Amino acid sequence: MNKIKKKSAKLRQNLNNMSKLIYTQEYVSDGKKFYWDVDTLNAFRFEANYMSKEELLKSVTEFVEIDCHLEDGETEEMLISDLMKQILQN
């Protein structure tokens, strides 16, 4: 169990050290669609294997609050929801 905690802590540190999130947006008929950096998605998908959905949501929320810069009309909730959806998609 300690190995998992150490890996999770190391992954979180890597996410914090990662350059700022790179994303672009495209407007579609039903709202906005976000394109997340592949490394960001892969890091969270890896982390998702070792934690509950609630813990993953907390980690994603922290990431969005600290590392993401909102554009006009965007909210943190929009980014969190979209990122969670894309992480859990695969």
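This report looks at helix α4, the core it helps to build, and two loop residues.

The model is predicted.

**Helix α4**

Helix α4 covers residues 76-89. It has 14 residues. From its first C-alpha to its last, α4 reaches 20 Å. That is close to the 20 Å expected at 1.5 Å a residue. Several residues of α4 are buried: L79, I80, D82, L83, M84, Q86 and I87.

**Q86, a buried residue in α4**

Q86 sits in helix α4. Its relative accessible area is 14%, so Q86 counts as buried, the cut-off being under 20%. What does the side chain of Q86 pair with in a polar contact? The partner is the side chain of D82, at 2.8 Å. D82 is itself among the buried residues of α4. Leave out residues up to four places away in sequence, and Q86 touches F34, W36, L41 and R45.

**The nonpolar core**

The largest nonpolar core has 15 residues. Those with the most contacts inside it are W36, F44, L56, V60, V64, L83 and I87. Which elements give two or more residues to this core? They are β2 (31-36), α2 (38-48), α3 (53-67) and α4. The largest share comes from α4, with 5 residues.

L83 shows how α4 meets its surroundings. Again leaving out residues up to four places away in sequence, L83 touches W36, L41, F44, V60, F63 and V64. W36 and L41 also appear in the list for Q86.

**Two loop residues**

Now leave the helix for two loops. N49 is placed in the loop between α2 and α3. E74 lies in the loop between α3 and α4. Is each one buried or exposed? N49 has a relative accessibility of 61%, over the 50% cut-off, so it counts as exposed. E74 has 7%, under the 20% cut-off, so it counts as buried.

Both side chains come up against backbone atoms. A polar atom of the N49 side chain lies 3.4 Å from the backbone oxygen of R45. R45 is also one of the residues that Q86 touches. For E74, a polar atom of the side chain lies 2.8 Å from the backbone nitrogen of E71.

The table sets out the three polar pairs.

| Side chain | Partner | Distance |
|---|---|---|
| Q86 | D82 side chain | 2.8 Å |
| N49 | R45 backbone oxygen | 3.4 Å |
| E74 | E71 backbone nitrogen | 2.8 Å |

Methods. Residues numbered from 1 in each chain as written. Predicted model: local features only at pLDDT ≥ 70, side-chain atom pairs only at ≥ 80, totals over all residues. Heavy atoms only, no water. Helix = DSSP H or I, 4+ residues; strand = E, 2+ residues; numbered from the N terminus. Buried < 20%, exposed > 50% of the residue type's maximum accessible area, 1.4 Å probe, protein only. Polar contact = N/O pair within 3.5 Å; in protein donor to acceptor, adjacent residues only side chain to side chain. Contact = heavy atoms within 4.5 Å. Expected span 1.5 Å × (residues − 1). Core = buried A, V, L, I, M, F, W, Y, C linked by side-chain atoms within 4.5 Å.
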